[in-house]
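Colleague: Could you walk me through one part of this model up close? I'm new to this, so take it slowly.

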Amino acid sequence: MNDAPHDHAPLILAGPTASGKTALALALAEHLPIEIISVDSALVYRGMDIGTAKPSAEELARVPHHLIDIIDPAESYNAARFVADTQRLSGEIRARGRLPLLVGGTMLYIKALLDGLDDIPSASPEVRAMLDARALAEGWPALHAELARVDPLTAARLPPNDAQRIQRALEVWHTAGRPISDFQRRHRADADSTEPSAPAGLLLALEPTHRAWLHERINLRFTQMMDQGLIEEVQRLRQRPDLHLGLASIRCVGYRQVWEALDQGLDPHDPKVRADMAQRGAAATRQLAKRQITWLRSMPWRHVLPCDQGIDVDALVHLIKKNA
């Protein structure tokens, strides 16, 4: 492979959930000296395996993987930490004469890596704990109402139960004394002041030609997760007193829907309850996939791979060698 001029340019395989990223990455690893860096905000959590569709032990053994099972569900992980970890790991992997392949669907992490981070204050554990406590006592709609008073621009684009983003916006307000929309507006102005250009590296985007293909896979995957023990996995997590719906880990798609049903005292063994959990979990996953595809389509320089049409792995290997 030609190390110059793209020596440190990222090679990214992105796509919506259930689009086949893991399978394609493993296929590429049969032809290239790859180590995989996970770009997934859910795979970082230990003990959350079924609902995150974590690669199996056999898959993890076939190719070196990074940024999987690195923190406890009670801990937090963010884009800034991802960028720092990825830059460090990429250097270490290249020093071994291998190729770092970033694989995943957390688009915020990819954006931070490609565009850089906004100059927004980092999270304060004290402020976050205070907001978590208030959310448990008052509910996220009450905190959304507070956000509407101090940062109406941000509140207007967030639903009242978007706990993760409401919490982050209020963190910035309490930490910096300024709304997060001020920082984001300045970042957009800086970006608009120059001609947009493709970032260095190669962004491979798995995208379905027909959305119905992806929806069918999502529905099937969630049903399989239920059969594999997702409910029991969530029940084990709920036994821990330090875990609750205010945490980013428990708000992961699938976990949240099952947790809420269990909080309501519903019988998870009732077929109707299971069917409802599966339906709501799959619906939330489809919404996530829609947002992921929308983000990918905003990147005109991406190299589109039609995941429902079959991928020519040999041609893709040739493309990667040209760019790596």
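Colleague: Let's zoom in on Ala-18: does it count as buried or exposed, and what is its relative accessibility?

Modeller: Before anything else, keep in mind that this is a predicted model. Now to your residue: Ala-18 counts as buried, because its relative accessibility is 3% and the cut-off for buried is under 20%. To find Ala-18, look at the loop between strand S1 (11-14) and helix H1 (21-29). Who does Ala-18 touch? If we skip residues up to four places away in sequence, Ala-18 touches Trp-213, Leu-214, Arg-217, Ile-218 and Arg-221.

Now slide along to Gly-20, whose place is also in the loop between S1 and H1. Gly-20 has a relative accessible area of 22%, so this one is partly exposed. Leaving aside neighbours within four places in sequence, Gly-20 is in contact with Leu-206 and Arg-217. Did you spot Arg-217 turning up again? Arg-217 is on the contact list of Ala-18 and on that of Gly-20.

There's a database note on this stretch, too. An unreviewed UniProt entry lists Thr-17, Ala-18, Ser-19, Gly-20, Lys-21 and Thr-22 under "binding site". So your Ala-18 is on that list, and Gly-20 is as well. Just remember that such annotations may be inferred rather than shown by experiment.

For another buried spot, try the aromatic rings. The structure holds two aromatic pairs. One of them is Phe-82 with Tyr-109, a stacked pair with 4.8 Å from centre to centre and 20 degrees between the planes. This pair links distant parts of the chain: Phe-82 is in helix H3 (residues 79-95) and Tyr-109 is in helix H4 (residues 107-115), 27 residues apart. Phe-82 is buried, with a relative accessible area of 1%, and Tyr-109 is buried too, at 5%. Add Tyr-77, and you have one aromatic cluster made of Tyr-77, Phe-82 and Tyr-109.

Rings can have charged company as well: the charged end of Arg-238 sits over the ring of Trp-259, 5.6 Å from its centre.

Finally, here's a residue to set against your buried alanine. Leu-153, in helix H7 (residues 152-156), is exposed, with a relative accessible area of 53%. Its C-alpha atom is separated by 40 Å from that of Ala-25, and the two residues are 128 residues apart along the chain.

Key
Residues are numbered from 1 along each chain as its sequence is written. This is a predicted model: local features need pLDDT of at least 70, side-chain atom pairs count only at pLDDT 80 or more; totals for chains, interfaces and linings use all residues. Side-chain values use heavy atoms; hydrogens and water are left out. Rings of Phe, Tyr and Trp (its six-membered ring) pair if their centres lie within 6.5 Å; planes under 30 degrees apart count as stacked, over 60 as edge-to-face and the rest as tilted. Helices (H or I, at least four residues) and strands (E, at least two) are DSSP runs, numbered from the N terminus. Buried means under 20% relative accessible area, exposed over 50%, partly exposed in between (1.4 Å probe, protein chains only). A charge sits over a ring if NZ of Lys or CZ of Arg is within 6 Å of the ring centre and within 35 degrees of the ring normal. Contact means heavy atoms within 4.5 Å.
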